[in-house]
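Please open the model in your viewer and keep the sequence panel beside it, since this tour moves from one selection to the next.

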Amino acid sequence: MDLMNIMLEVTGSWSHFGGAVGAGLAAIGAGIGIGQIGKGATEAIARQPEAANDIRGGMILTAAFVEGVALFAVIAGLLAVLK
């Protein structure tokens, strides 16, 4: 019985670690993704300045979707930590 309690303690601490790492990776991934979206939109506007409004609108919509998914992932990671 004592071995079982030790194994449960170790498993619990690793789940907290995994949740924290997952939340951090989600935030880093969202930052990189939004940076790539901005880079692509800037290059597209430089190539076709007359389409700037359409490109900007698409960029903002895509960045909002990426941010929403990242927020969901960070919350899931934090819930794993606080479990």
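Is Val74 buried, partly exposed or exposed? Select Val74 in this predicted model, and you will be looking at a residue with 22% relative accessibility, which means that Val74 counts as partly exposed, because the buried class holds only values under 20% and the exposed class those over 50%.

Keep Val74 highlighted and extend the selection to residues 52-82, which form helix α2, the helix that holds Val74. Then show the neighbours of Val74: leaving aside residues up to four places away in sequence, Val74 touches Ala23, Ala26 and Ala27. Now add Val21 to the view, which is 53 residues from Val74 in sequence, although the C-alpha atoms of Val21 and Val74 are 9.7 Å apart in space.

Next, colour the two stretches that UniProt, in an unreviewed entry, lists as "transmembrane region", namely residues 20-38 and 59-82. Residues 20-38 are 100% helix and 0% strand, with 27 Å between the C-alpha atoms at the ends, while residues 59-82 are likewise 100% helix and 0% strand, with 34 Å between their end C-alpha atoms.

Finally, clear the selections and look at the whole protein, which has two helices and zero strands. Of its 83 residues, 13% are buried, and the protein exposes about 6,100 Å², of which carbon and sulfur atoms supply 73%. If you display contacts with a separation of 6 or more, 76% of them in the protein join residues 24 or more positions apart.

Note on methods:
Residues are numbered from 1 along each chain as its sequence is written. This is a predicted model: local features need pLDDT of at least 70, side-chain atom pairs count only at pLDDT 80 or more; totals for chains, interfaces and linings use all residues. Side-chain values use heavy atoms; hydrogens and water are left out. UniProt positions are given in the numbering used here, feature names are shortened, and annotations may be inferred rather than shown by experiment. Helices (H or I, at least four residues) and strands (E, at least two) are DSSP runs, numbered from the N terminus. Buried means under 20% relative accessible area, exposed over 50%, partly exposed in between (1.4 Å probe, protein chains only). Contact means heavy atoms within 4.5 Å. Accessible areas come from the Shrake-Rupley method with a 1.4 Å probe; for residues, only the protein chains shown count as cover.
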